[in-house]
Amino acid sequence: MSEERQVSRRACWNCGASVDEHVRLCTACGTGISPMPEEPPSSRRASEWLLCASILFVGAGLLCLFSATRLLTAEGYVEEYGIDISGILRFCGALAIIFACCAFFAASMTYRRSSLSLILLAGILSMLGVGPMFLGSFMSLIGIVLVVIKRKELD
Ligand SMILES: [Zn+2]
């Protein structure tokens with residue numbers, strides 16, 4: 001009885017005899033039996049939607065980095081008012097780099113189908129990175145929406 005359970009068996013499509021699932025010919029009637037279909041390899045891979053979300057997060061991260069470099073290299077002295085805001089610009093630039101990292105983190109987590117809460121946290125933080133014309137936030141937002149819609153595929 002216990003041995004019966006260890007070897008998976010299935011019915012021959014031709015004669016209905018119970019055969020070992022690994023045999024290629026039925027032991028009763030000799031008909032060719034195709035091997036058991038393997039588990040589809042795509043089942044562990046991110047679906048197109050999650051891949052899309054991942055790419056959006058990467059895009060948002062790149063836009064954040066773009067903003068960061070502009071902030072870090074901008075002229076801090078405002079002649080009109082005679083004040084120096086370079087400290088603020090550097091601070092915002094550093095923040096933008098952190099938000100970019102969040103976006104890349106969200107992208108990697110999404111690609112690896114990690115936990116939803118981590119992706120949401122990183123994704124929402126990356127939205128603060130804004131990017132030119134709010135494009136970065138917009139891309140992150142779409143990425144988050146895609147992840148939420150496809151949350152069943154996550155671990
Ligand atoms: Zn058979």
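How are H2 and H3 oriented relative to each other, roughly parallel or roughly antiparallel? In this predicted model, in which local features need pLDDT of at least 70, side-chain atom pairs count only at pLDDT 80 or more, and totals for chains, interfaces and linings use all residues, the axes of H2 and H3 come within 8 Å and cross at roughly 165 degrees, where axes are lines fitted to C-alpha atoms, for helices over the stretch in contact, and angles run from 0 to 180 degrees between N-to-C directions. The two helices are therefore roughly antiparallel, given that angles under 35 degrees count as roughly parallel, over 145 as roughly antiparallel, 65 to 115 as roughly perpendicular and the rest as oblique. The crossing in which H2 passes H3 is left-handed, a term used if the near helix is turned anticlockwise from the far one by less than a right angle, with clockwise giving a right-handed crossing. Residues are numbered from 1 along each chain as its sequence is written.

The secondary structure of the protein consists of five helices and four strands, assigned as DSSP runs (helices H or I of at least four residues, strands E of at least two) and numbered from the N terminus. Read from the N terminus, the order of the elements is α-β-β-α-β-β-α-α-α. Of the 155 residues in the protein, 28% are buried; a residue is buried if 20 or more other C-beta atoms, placed from the backbone, lie within 10 Å of its own, exposed if 12 or fewer do, and partly exposed in between. Among the contacts with a separation of 6 or more, 56% are between residues 24 or more positions apart, a contact being a pair of residues whose C-beta atoms, placed from the backbone, lie within 7 Å.

The largest nonpolar core (a set of buried Ala, Val, Leu, Ile, Met, Phe, Trp, Tyr and Cys residues joined through C-beta atoms within 7 Å) has 25 residues, and those with the most contacts inside it are Phe57, Ala60, Cys64, Ala100, Ala103 and Ala106. Two or more residues are given to this core by each of helix H2 (48-73), H3, helix H4 (116-127) and helix H5 (135-149), with H2 giving the most, ten residues. In soluble globular proteins, nonpolar side chains tend to be buried together. Leaving aside neighbours within four places in sequence, the contacts of Phe57 are with Ala103, Ala106, Ala107, Thr110, Gly123, Ser126, Ser140 and Gly143.

Helix H3 has 26 residues and spans 37 Å from its first C-alpha to its last, which is close to the 38 Å expected at 1.5 Å a residue, the expected span being 1.5 Å times one less than the number of residues. Its buried residues are Ala96, Phe99, Ala100, Cys102, Ala103, Phe105, Ala106, Ala107, Met109 and Thr110, and what covers the buried residues of H3 includes H2, H4 and H5. Ala94, which also lies in H3 (residues 86-111), counts as partly exposed because it has 13 C-beta neighbours inside 10 Å; its C-alpha atom is separated by 9.3 Å from that of Thr69, 25 residues apart along the chain.

In the loop between H3 and H4 lies Arg113, whose phi is near 50 degrees, a positive value in a residue other than glycine. Most residues other than glycine have a negative phi. Arg113 counts as buried because it has 20 C-beta neighbours inside 10 Å.

Helix H5 packs against both H2 and H4. The axes of H2 and H5 come within 8 Å and cross at roughly 160 degrees, so that these helices are roughly antiparallel to each other, and H2 passes H5 in a left-handed crossing. The residues making this contact include Trp49, Leu56, Phe57 and Ala60 of H2 and Leu135, Met139, Ser140 and Gly143 of H5. Leu135, in helix H5, is partly exposed because 15 other C-beta atoms lie within 10 Å, and Leu135 and Ala60, 75 residues apart in sequence, are 7.4 Å apart in space from C-alpha to C-alpha.For H4 and H5, the packing angle is about 165 degrees, with the axes 8 Å apart, and this pair is therefore also roughly antiparallel, with a left-handed crossing. Residues of H4 that meet H5 include Leu116, Ile119, Gly123 and Ser126, and their counterparts in H5 include Ser140, Leu141, Gly143 and Val147.

How values were computed. Two residues are in contact if their C-beta atoms, placed from the backbone, lie within 7 Å.
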